[in-house]
Structures are given as structure tokens and as C-alpha cells.
Amino acid sequence: MPMLDFLIHLLSFVAPAFFLALVLAAGARLLWRKRAHLLPWYHMASVNAMLGILILALGVVLTGQDGRMGTYACLVLAMATCQWLMSGSGRKG
């Protein structure tokens with residue numbers, strides 16, 4: 001496989017994780033403007049992106065295929081939970 005094709009495949013593989021990470025970080029800032037967040041938006045996005053890439057890689061390893069709906073459901077659930085915790089919604093007080 002030529003290097004350009006490999007790069008396109010790799011970027012297409014991680015694109016859902018990066019897109020969802022940016023949407024979650026921006027959405028948390030827009031929805032909860034007055035709340036004191038634990039991290040800046042770019043740290044939230046990078047943590048979510050790394051978690052998303054890990055989930056996608058585990059999905060490929062466990063199912064043997066990319067693009068399974070179960071993998072994407074786990075991606076959304078894990079990243080939304082992580083964003084909820086990073087936004088400070090899980091703390092009391």
C-alpha cells in the first residue's frame with residue numbers, strides 16, 4: 001500500500017474520534033458557560049480524542065473489522081462519560 005493511501009486510511013479511521021472530541025468539548029463550553037470546568041477545552045478534546053482512538057482500536061482488535069456499530073456506540077458512550085466527568089458534573093458540591 002502506498003504511503004499516501006495508508007495516511008488517508010489512518011486519518012479516516014481516527015476521524016470519528018477527533019470529530020466527536022471537538023464537538024463534546026465545544027458543546028460542554030457552550031452549554032455550561034457559568035460552570036467552572038476542570039480543564040481547558042483543548043485538554044478535554046485531546047483526552048477525549050485519545051480515549052476515542054483507543055476505543056476504535058479495541059473495536060478493530062476484538063471484532064476484526066472497522067466500522068462496526070457496536071464500536072461506535074461504545075465510542076459515544078465512553079467519550080460522553082469522560083466529558084461529563086471532565087466537565088465537573090460528577091463532583092458533589
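A residue counts as buried under 20% relative accessible area, as exposed over 50%, and as partly exposed in between. Aspartate 66, at 47% relative accessibility, therefore counts as partly exposed. With that yardstick in hand, let us walk through this structure, which is a predicted model.

## The overall picture

The secondary structure of the chain comes to three helices and zero strands, and from the N terminus on the order of elements is α-α-α. Taken along the principal axes, a box of roughly 55 × 25 × 15 Å holds the C-alpha atoms. The chain has 93 residues, and 27% of them count as buried. Among contacts with a separation of 6 or more, 68% join residues that sit 24 or more positions apart.

## How the helices pack

Each pair of helices has its own packing geometry, and the table puts the pairs side by side.

| Helix pair | Angle between axes | Axis distance | Handedness of crossing |
|---|---|---|---|
| α1 and α2 | roughly 145 degrees | within 8 Å | right-handed |
| α1 and α3 | about 30 degrees | 10 Å | right-handed |
| α2 and α3 | about 155 degrees | 9 Å | right-handed |

How do α1 and α3 run, roughly parallel or roughly antiparallel? Angles under 35 degrees count as roughly parallel, and α1 and α3 pack at about 30 degrees, so α1 is roughly parallel to α3. For α2 and α3 the angle is about 155 degrees; angles over 145 count as roughly antiparallel, so α2 is roughly antiparallel to α3.

Now for the residues that make these contacts. Helix α1 covers residues 3-31 and helix α2 covers residues 41-63. On the α1 side of their contact, the residues include Phe13, Val14, Ala17, Phe18 and Arg29, and they meet α2 residues including Trp41, Met44, Asn48, Ile53 and Val60. By class, this contact has 16 nonpolar, two polar and one charged residues.

Between α1 and α3, the α1 residues Pro16, Ala17, Leu20, Ala21, Leu24, Ala25 and Ala28 meet Tyr72, Leu75, Val76, Met79, Ala80 and Gln83 of α3. Here the split is 12 nonpolar, one polar and no charged residues.

The contact of α2 with α3 brings α2 residues including Met44, Val47, Asn48, Leu51 and Gly59 together with α3 residues including Thr71, Cys74, Ala78, Cys82 and Met86. Its residues divide into 13 nonpolar, five polar and no charged.

## The nonpolar cores

Which residues make up the largest nonpolar core? There are 11 in all: Phe13, Val14, Ala17, Leu20, Ala21, Leu24, Ala49, Ile55, Leu56, Leu75 and Met79. Two or more residues of this core come from each of α1, α2 and α3 (69-86), and α1 gives the largest share, six residues. One member, valine 14, touches Ile53 and Leu56 when residues up to four places away in sequence are not counted. Another core, of five residues, lies apart from the largest one, and among its members are Ala25, Met44, Ala45 and Cys82.

## Three polar or charged residues up close

Asparagine 48 is found in helix α2. Is asparagine 48 buried or exposed? Its relative accessibility is 0%, so asparagine 48 counts as buried. Leaving out residues up to four places away in sequence, asparagine 48 touches Ala21, Leu24, Met79, Cys82, Gln83 and Met86. Of these partners, Ala21 and Leu24 appear on the α1 side of the contact with α2, while Met79, Cys82, Gln83 and Met86 appear on the α3 side of the contact with α2.

Threonine 71 lies in helix α3. At 10% relative accessibility, threonine 71 counts as buried because the cut-off for buried is under 20%. Leaving aside neighbours within four places in sequence, threonine 71 is in contact with Ile55, Leu56 and Gly59.

That brings us back to aspartate 66, which is found in the loop between α2 and α3. Not counting residues up to four places away in sequence, aspartate 66 touches Phe13, Val60 and Tyr72. Of these partners, Phe13 is also a member of the largest nonpolar core. Aspartate 66 and valine 76 are 10 residues apart in sequence, and their C-alpha atoms are 15 Å apart in space.

Definitions and conventions
Residues numbered from 1 in each chain as written. Predicted model: local features only at pLDDT ≥ 70, side-chain atom pairs only at ≥ 80, totals over all residues. Heavy atoms only, no water. Axes fitted to C-alpha atoms, helices over the stretch in contact; angles between N-to-C directions. Helix = DSSP H or I, 4+ residues; strand = E, 2+ residues; numbered from the N terminus. Left-handed = near helix turned anticlockwise from the far one by under 90°. Contact = heavy atoms within 4.5 Å. Nonpolar A, V, L, I, M, F, W, Y, C, P; charged D, E, K, R; others polar. Buried < 20%, exposed > 50% of the residue type's maximum accessible area, 1.4 Å probe, protein only. Core = buried A, V, L, I, M, F, W, Y, C linked by side-chain atoms within 4.5 Å. Parallel < 35°, antiparallel > 145°, perpendicular 65-115°, else oblique.
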